[in-house]
Amino acid sequence: MIQFVWEFVARAEKIAEFERYYSASGAWAQLFAKCPGYRGTVLLRDAEQPRRYFTVDTWDRPEDYRAMREKSSAEFDQLDRACEAFTEVERRIGAFEVL
């Protein structure tokens, strides 16, 4: 398995929307769930900096994630553009293998 980790800083006035879209049942997870190999998303909120979040998206293999990006590119890009309004910072931390 592989986990893709992203860091976000949500806009203060958009926290509810951010959490709704990025939660384990949110719009991103719904998009990913349409594709084989997706195993779930975890949304983490920093206990010391409450506007800072991490998402951890779990896939069976990196190829499954790449296939989703190819198959769902238009929907992915549309959702990504819509979600830009919710964040001040978006940064890919990396892809981590589960040992």
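**Notes on the sheet and helices of this model**

1. Strand β3 is a good place to start: 6 of its 8 residues are buried, so β3 is largely enclosed by the rest of the structure. Bear in mind while reading that this is a predicted model.

2. Where does β3 sit in the sheet? The 4 strands form an open sheet with the order β2-β3-β1-β4, and the pairing is antiparallel. At the edges are β2 (38-45) and β4 (87-97), each of which pairs on one side only. From one strand to the next, the twist averages 15°.

3. Now for the two neighbours of β3. With β1 it pairs in the antiparallel sense over 8 bridges, while 7 bridges join β3 to β2, again running antiparallel. The link between β2 and β3 is a hairpin through 6 residues.

4. If you want residues to click on, try Tyr 53 in β3. Arg 45 stands opposite Tyr 53, and so does Phe 8. Next along, Phe 54 in β3 is the bridge partner of Leu 44.

5. On to helix α3 (residues 62-71). Which of its residues are buried? Asp 64, Tyr 65 and Met 68 are. Looking down the axis of α3, you'd see the buried residues fall within an arc of 100°, so they line one face of the helix. Arg 66 and Glu 70 are exposed on the other side of α3. As background, an α-helix has 3.6 residues a turn, so residues three or four places apart point the same way.

6. What do the buried residues of α3 pack against? The list is β1 (2-10), α2 (27-33), β3 (52-59) and α4 (73-83). That puts two strands of the sheet, β1 and β3, among the partners of this helix face.

7. The packing of α3 on α4 deserves its own point. Their axes are 5 Å apart and the angle is about 85°. That makes α3 roughly perpendicular to α4, because angles from 65 to 115 degrees count as such. On the α3 side the contact is made by Tyr 65, Met 68, Arg 69, Glu 70 and Lys 71, and on the α4 side by Ser 73, Phe 76 and Asp 77. Sorted by class, this contact has 3 nonpolar, 1 polar and 4 charged residues. Tyr 65 and Met 68 of this contact are also buried residues of α3, whereas Glu 70 is exposed.

8. Helix α4 has its own buried set: Phe 76, Leu 79 and Cys 83. They cover an arc of only 70° around the axis, which puts them on the same side of α4. Turned away from that buried side is a face carrying the exposed residues Ala 74, Gln 78 and Arg 81. The buried residues of α4 pack against α1, α2, α3 and β4, so an edge strand of the sheet, β4, is among their partners.

9. Last, a look at a loop. Is Ser 25 buried or exposed? Ser 25 lies in the loop between α1 (15-22) and α2. With a relative accessible area of 54%, it is exposed, because the cut-off for that is over 50%. Ser 25 and Thr 41 are 16 residues apart in sequence, and from C-alpha to C-alpha they are 8.1 Å apart in space.

Terms used: Residues are numbered from 1 along each chain as its sequence is written. This is a predicted model: local features need pLDDT of at least 70, side-chain atom pairs count only at pLDDT 80 or more; totals for chains, interfaces and linings use all residues. Side-chain values use heavy atoms; hydrogens and water are left out. Buried means under 20% relative accessible area, exposed over 50%, partly exposed in between (1.4 Å probe, protein chains only). The arc is that of the directions from the helix axis to the C-beta atoms. Contact means heavy atoms within 4.5 Å. Two strands pair if DSSP finds at least two bridges between them. Axes are lines fitted to C-alpha atoms, for helices over the stretch in contact, and angles run from 0 to 180 degrees between N-to-C directions. Angles under 35 degrees count as roughly parallel, over 145 as roughly antiparallel, 65 to 115 as roughly perpendicular and the rest as oblique. Ala, Val, Leu, Ile, Met, Phe, Trp, Tyr, Cys and Pro count as nonpolar, Asp, Glu, Lys and Arg as charged, and the others, Gly among them, as polar.
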